[in-house]
Amino acid sequence: MGLRNQFLVVIMLVSMVTLGVLGFLSYKFSQAEALQEAHRKVEILASYIKSSHSYAIKTQIPMTKQLVGKDRFYPELMSIFVMTRNTAETFKKEQPGYTIKNAAVDPLWKANKANAMEMRVINGFKADSGLGKSTGIIKNNGQDFYYQATPMKVKKKCLKCHGDPLNAPKDQVMIYGTENGYHWKLNDVVSAMFIYVPVTDAMKAAQANAIKLVAIGGGCLAAAIIVLVIFLSVKVVSPIAELSRKAEDISLGKNLEKTVSVSPNLEIGQLSRAVDRLRMSIARFMRR
């Protein structure tokens, strides 16, 4: 295999490896950017939920109790979970794919029952009391979602509604019954607030960006290879081939009267002058 072909094979191999690494790193970088953006959205939603809960607990629920009486219970006005769920359902209509769910082990509202994945996360919170958040990627119905879960521990004020059903507000018992959502224990993790943000489109965009970058990089490398091959042929391979032919002639005593002059620049120029000196030495020797 000639020098030109060897050079071409090496460049092609290096280019393929470079494109592969470039595509992989580009995809990972774009994917990380997509997940970071999803995390920012989750943090904004979590902050809003926390703020709305704080307002409801400090202002809305106490005022409602003053108006309707402490023994009455209207979930839409006095339960932060119901308010969050109703708000989330409206929000989801405006932003399809975004889901906010207070997933519970034993909820009053059956729709809040934690699924298998959510139960694993909640059990993780139970096992590690210092774990404040859990994040990750899940796939649901062929779609990818970034989620963040925050544990919700039972506080003393929670036991009024979720302790002994005999002590729970009568309105609550009438609405939800007495089978689920009771007998909670103080400081136990019974639920977690899950926020789901769709990332399928972002992941596809990351893949598309990686493909585009590889295509652009491939085009640039192809152009560079063509330029390098032309340069190698003109400046290296052809002069060396010419010197090889002239050196062969000199070794056979041919064309000793013709000056050897090929690419008079840099290393090949030096080689050309060395061959020419060899020609002159052999010519003198032949004359003697």
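**View 1. Helix H3 and its buried residues.** In this predicted model, helix H3 holds several buried residues: Ile80, Val82, Met83, Thr84, Arg85 and Ala88. H3 is built from 15 residues. From its first C-alpha to its last the helix reaches 21 Å, close to the 21 Å expected at 1.5 Å a residue. Keep H3 in mind as you read on, for the helix returns in the views of the pocket and the cavity.

**View 2. The largest cavity, beside H3 and S1.** How many cavities of 30 Å³ or more are there? The count comes to 1, and the volume of the largest cavity is about 40 Å³. Its lining is made by Phe81, Thr84, Arg85, Ile100, Lys101, Asn102, Asn112 and Met193. Two elements, H3 and S1, each give two or more residues to this lining. Sorted by class, the lining residues are 3 nonpolar, 3 polar and 2 charged. Thr84 and Arg85 from this lining are also among the buried residues of H3.

**View 3. The largest pocket.** Here we turn to an open space, the largest pocket, with a volume of about 1,300 Å³. Its lining counts 46 residues. Which of them lie nearest the centre of the pocket? They are His53, Ile57, Ile80, Phe81 and Met152. Phe81 appears in the lining of the largest cavity too, and Ile80 is one of the buried residues of H3.

**View 4. Who lines the largest pocket.** Several elements give two or more residues to this lining: helices H1 (3–68), H3 (80–94), H5 (159–162) and H6 (170–176), together with strands S1 (99–104), S3 (143–153) and S4 (189–198). H1 gives the most, with 10 residues. By class, the pocket lining has 24 nonpolar residues, along with 11 polar and 11 charged ones.

**View 5. Gln143 in strand S3.** Gln143 is found in strand S3. Is this residue buried or exposed? Gln143 counts as partly exposed because its relative accessibility is 36%, and that class lies between the buried limit of 20% and the exposed limit of 50%. Leaving aside residues up to four places away in sequence, Gln143 touches Ile138 and Thr200. Asp201 sits 58 residues from Gln143 along the chain, yet the C-alpha atoms of the two are separated by 9.0 Å.

**View 6. Two positive phi values in the loop between H6 and S4.** Most residues other than glycine have a negative phi. His183 has a phi near 60 degrees, a positive value, and is not a glycine. Asn187 is not a glycine either, and its phi is positive at about 70 degrees. Where do they lie? His183 is found in the loop between H6 and S4, and Asn187 lies in that loop as well. His183 is exposed, with a relative accessible area of 54%, and Asn187 counts as exposed at 56% relative accessibility.

**View 7. Stepping back to the whole chain.** The close-ups fit into a protein chain with 8 helices and 4 strands. Along the sequence these follow the pattern α-α-α-β-α-β-β-α-α-β-α-α. The chain has 288 residues, and 34% of them are buried. Among contacts between residues at least 6 apart in sequence, 62% join residues at least 24 apart. The accessible surface of the chain comes to about 18,300 Å², and carbon and sulfur atoms account for 62% of that surface.

Terms used
Residues numbered from 1 in each chain as written. Predicted model: local features only at pLDDT ≥ 70, side-chain atom pairs only at ≥ 80, totals over all residues. Heavy atoms only, no water. 1 Å grid on protein atoms, 1.4 Å probe; cavity = no way out; pocket = protein on both sides within 12 Å on 5 of 7 lines; lining within 4 Å. Points joined across faces, edges and corners; volume = space filled by probe spheres on them. Nonpolar A, V, L, I, M, F, W, Y, C, P; charged D, E, K, R; others polar. Buried < 20%, exposed > 50% of the residue type's maximum accessible area, 1.4 Å probe, protein only. Contact = heavy atoms within 4.5 Å. Areas by Shrake-Rupley, 256 points an atom, 1.4 Å probe, with all protein chains shown as cover. Expected span 1.5 Å × (residues − 1).
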